[in-house]
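The following note sets out some points on helix packing for your consideration. Please read it with the structure in view.

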Amino acid sequence: MREALAEAQRAAELGEVPVGAVITLHDRIIGRGHNLRETRQDPLAHAELIAISEAAHEVGGWRLVEATMYVTLEPCAMCAGALVNSRVERLVFGARDPKAGFCGSLGDLVRDPRLNHQLAVVEGVLAEECGKLLADFFAALRARR
């Protein structure tokens, strides 16, 4: 999760919402990402999707079986769907997202038994640090207005 926090900090330095993600396979990082929606002007440039794409490229296929994603903020519905579709085995996230989170807050796409794949989920890892990074970012943004 510390690596995901470092990715989130990179996003903040770019003026992006500070969310960071890493994907590991057998204790090795195979994908990294941080939010780049503003930089790329791309609604799909979420940290999780960037990390998934990098990991798939690294393993040479779209199935990320046995992989774990670490992300600083609970994934949204789009990213939760990508986790299911890429067959990531486990999700570890920091802060909950009561406004957009879809891994336990607003819904729970990653553990929906109607789907062909479910993930194990661990939440709250370094939640205070992850949440503080986001809170500080939005406080600074409001202060500039």
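1. The model is predicted. The contact between helix H1 and helix H5 is a suitable starting point: from H1, the residues Arg2, Leu5, Ala8 and Gln9 meet Glu129, Cys130 and Leu133 of H5. Sorted by class, this contact comprises four nonpolar, one polar and two charged residues.

2. How are these two helices oriented to each other? H1 covers residues 2-13 and H5 covers residues 127-144; their axes lie 11 Å apart and form an angle of about 5 degrees. Angles under 35 degrees count as roughly parallel, and H1 and H5 are therefore roughly parallel to each other.

3. The length of H5 may be checked by calculation. With 18 residues at 1.5 Å a residue, H5 should span 26 Å, and this agrees with its end C-alpha atoms, which are 26 Å apart.

4. Which residues of H5 are buried? They are Cys130, Leu133, Leu134 and Phe137. Viewed down the axis of H5, the buried residues fall within an arc of 90 degrees, so they line one face of the helix. Glu128, Arg142 and Ala143, on the other side of H5, are exposed.

5. The partners of the buried residues of H5 are H1, strand S3 (67-73) and strand S4 (90-95). S3 and S4 also receive the buried residues of H4, which pack against helix H3 (47-59) as well.

6. Helix H4 spans residues 77-85, and its buried residues are Cys79, Ala80, Gly81, Ala82, Leu83 and Val84. After H4 comes Arg87, with a positive phi near 65 degrees.

Notes. Residues are numbered from 1 along each chain as its sequence is written. This is a predicted model: local features need pLDDT of at least 70, side-chain atom pairs count only at pLDDT 80 or more; totals for chains, interfaces and linings use all residues. Side-chain values use heavy atoms; hydrogens and water are left out. Axes are lines fitted to C-alpha atoms, for helices over the stretch in contact, and angles run from 0 to 180 degrees between N-to-C directions. Helices (H or I, at least four residues) and strands (E, at least two) are DSSP runs, numbered from the N terminus. Angles under 35 degrees count as roughly parallel, over 145 as roughly antiparallel, 65 to 115 as roughly perpendicular and the rest as oblique. Contact means heavy atoms within 4.5 Å. Ala, Val, Leu, Ile, Met, Phe, Trp, Tyr, Cys and Pro count as nonpolar, Asp, Glu, Lys and Arg as charged, and the others, Gly among them, as polar. The expected span of a helix is 1.5 Å times one less than its number of residues. Buried means under 20% relative accessible area, exposed over 50%, partly exposed in between (1.4 Å probe, protein chains only). The arc is that of the directions from the helix axis to the C-beta atoms.
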